Amino acid sequence: VSAAGRCVDDEARTVLFCDFFQHYYPEGKAVFALAKPIPGFFYPAPFAIAMGGLALLPYPVALAAWVGLLVAATAGLYLLPQLDLFARSKSASLLYGLLFATSLAVLHNFVWGQVSALTSLLVLGALVLHARGHRSGAAIALAIAPGVPTMPPSPPPRAPAIGSSSSCSNS
């Protein structure tokens, strides 16, 4: 990431899907070759193994597959609630569509290549499957969800030094 906060490659070209470029694909390349994850990879082992499968592909093909997965997960996350919501209330459906389209989490899925839509879809899908009596499908969706990355926790704020006049600092 550049000083301006953009994700850039070695030739200073802007790269979309930064998490895939910087973490997911490189970890996929290294998952079976290194004893520990690459620096900055704070994700579950099953996800690293899945990235190992993608890393067998050339980067442009792997990226296209990744983008396809993100588009499918995002579309599913939009459409699944709409199945019942639209039939019940067109205004609620429209509001959901507006909120969904302006969601920062959805934007981050595409700018950074994050997978919150996939994780959310798995959990939402499990709820829908369970409500419809498909308990095995719900269990499978919930079993897969923890293997998908979530954001690593932020470090806790540091306590001020004794004698410091500040009440709290996170630096």
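**Figure 1. Val-71 and a partner distant in sequence.** At 43% relative accessibility, Val-71 is classed as partly exposed. The model shown in this and every other view is predicted. Val-71 belongs to helix H3. Its counterpart in this close-up is Ala-117: 46 residues separate the two in sequence, while their C-alpha atoms are 9.1 Å apart in space.

**Figure 2. Leu-69 of helix H3 and Leu-118.** Leu-69 is also found in helix H3. With a relative accessible area of 35%, Leu-69 is partly exposed, because that class covers values between the 20% limit for buried and the 50% limit for exposed. From the C-alpha atom of Leu-69 to that of Leu-118 the separation is 8.3 Å, although the two residues stand 49 residues apart along the chain.

**Figure 3. The chain as a whole, for orientation.** The chain holds seven helices and zero strands. Followed along the sequence, its pattern reads α-α-α-α-α-α-α. Of the 171 residues in the chain, 31% are buried. Take the contacts between residues at least 6 apart in sequence: 50% of them join residues at least 24 apart. The chain exposes about 10,700 Å², and carbon and sulfur atoms account for 70% of that area.

**Figure 4. The largest nonpolar core.** This core contains 31 residues. Phe-20, Tyr-24, Phe-41, Phe-47, Met-51 and Trp-66 are the members with the most contacts inside it. At least two core residues come from each of helix H1 (18–30), helix H2 (45–54), helix H3 (59–88), helix H6 (116–131) and helix H7 (135–144). H3 gives the most, with six residues.

**Figure 5. Contacts of Met-51.** Met-51 is among the residues with the most contacts inside the largest nonpolar core. Leaving aside residues up to four places away in sequence, Met-51 touches Phe-20, Tyr-24, Gly-28 and Trp-66. Three of the residues named here, Phe-20, Tyr-24 and Trp-66, are likewise listed among those with the most contacts inside the core.

**Figure 6. Asn-109, a buried residue of helix H5.** Asn-109 is placed in helix H5, which spans residues 104–111. Its relative accessible area is 1%, so Asn-109 is buried. The side chain of Asn-109 reaches the backbone nitrogen of Ser-116 at 3.2 Å. Residues up to four places away in sequence are not counted in the contacts of Asn-109, which are Phe-17, Leu-70, Thr-74, Gln-114, Val-115, Ser-116 and Ala-117. Ser-116 therefore appears both in this list and in the pairing at 3.2 Å, where its backbone nitrogen takes part.

**Figure 7. Thr-74, a contact of Asn-109 in helix H3.** Thr-74 is found in helix H3. Its relative accessibility is 8%, so Thr-74 counts as buried. A polar atom of the Thr-74 side chain lies 2.8 Å from the backbone oxygen of Leu-70. Apart from residues up to four places away in sequence, Thr-74 touches Phe-100, Val-106, Asn-109, Phe-110 and Ala-117. Ala-117 is also one of the residues that Asn-109 touches.

**Figure 8. Phe-17, ahead of helix H1.** Phe-17 sits in the segment before H1. With a relative accessible area of 11%, Phe-17 is buried. The phi angle of Phe-17 is near 60°, a positive value in a residue that is not glycine. Most residues other than glycine have a negative phi. Phe-17 is one of the residues touched by Asn-109.

**Figure 9. Gly-40 in the loop between H1 and H2.** Gly-40 has its place in the loop between H1 and H2. At 27% relative accessibility, Gly-40 is partly exposed. The C-alpha atoms of Gly-40 and His-23 are 6.8 Å apart, and the two residues are 17 residues apart along the chain.

**Figure 10. A nonpolar patch on the surface.** Leu-95, Leu-98 and Leu-99 form this patch, and together they have about 310 Å² of accessible area. Leu-98 is located in helix H4, residues 90–101. Its relative accessible area of 54% makes Leu-98 exposed, because exposed means over 50%.

Notes: Residues are numbered from 1 along each chain as its sequence is written. This is a predicted model: local features need pLDDT of at least 70, side-chain atom pairs count only at pLDDT 80 or more; totals for chains, interfaces and linings use all residues. Side-chain values use heavy atoms; hydrogens and water are left out. Helices (H or I, at least four residues) and strands (E, at least two) are DSSP runs, numbered from the N terminus. Buried means under 20% relative accessible area, exposed over 50%, partly exposed in between (1.4 Å probe, protein chains only). A polar contact is a pair of N or O atoms within 3.5 Å; within protein, one must be able to donate a hydrogen and the other to accept it, and residues adjacent in sequence count only if both atoms are side-chain atoms. Contact means heavy atoms within 4.5 Å. Patches are made of residues with over 30% relative accessible area and no salt bridge: like charges are joined within 9 Å, nonpolar side chains (Val, Leu, Ile, Met, Phe, Trp, Tyr) within 5 Å. Accessible areas come from the Shrake-Rupley method with a 1.4 Å probe; for residues, only the protein chains shown count as cover. A salt bridge is a side-chain nitrogen of Lys or Arg within 4 Å of a carboxyl oxygen of Asp or Glu. A nonpolar core is a set of buried Ala, Val, Leu, Ile, Met, Phe, Trp, Tyr and Cys residues joined through side-chain atoms within 4.5 Å.
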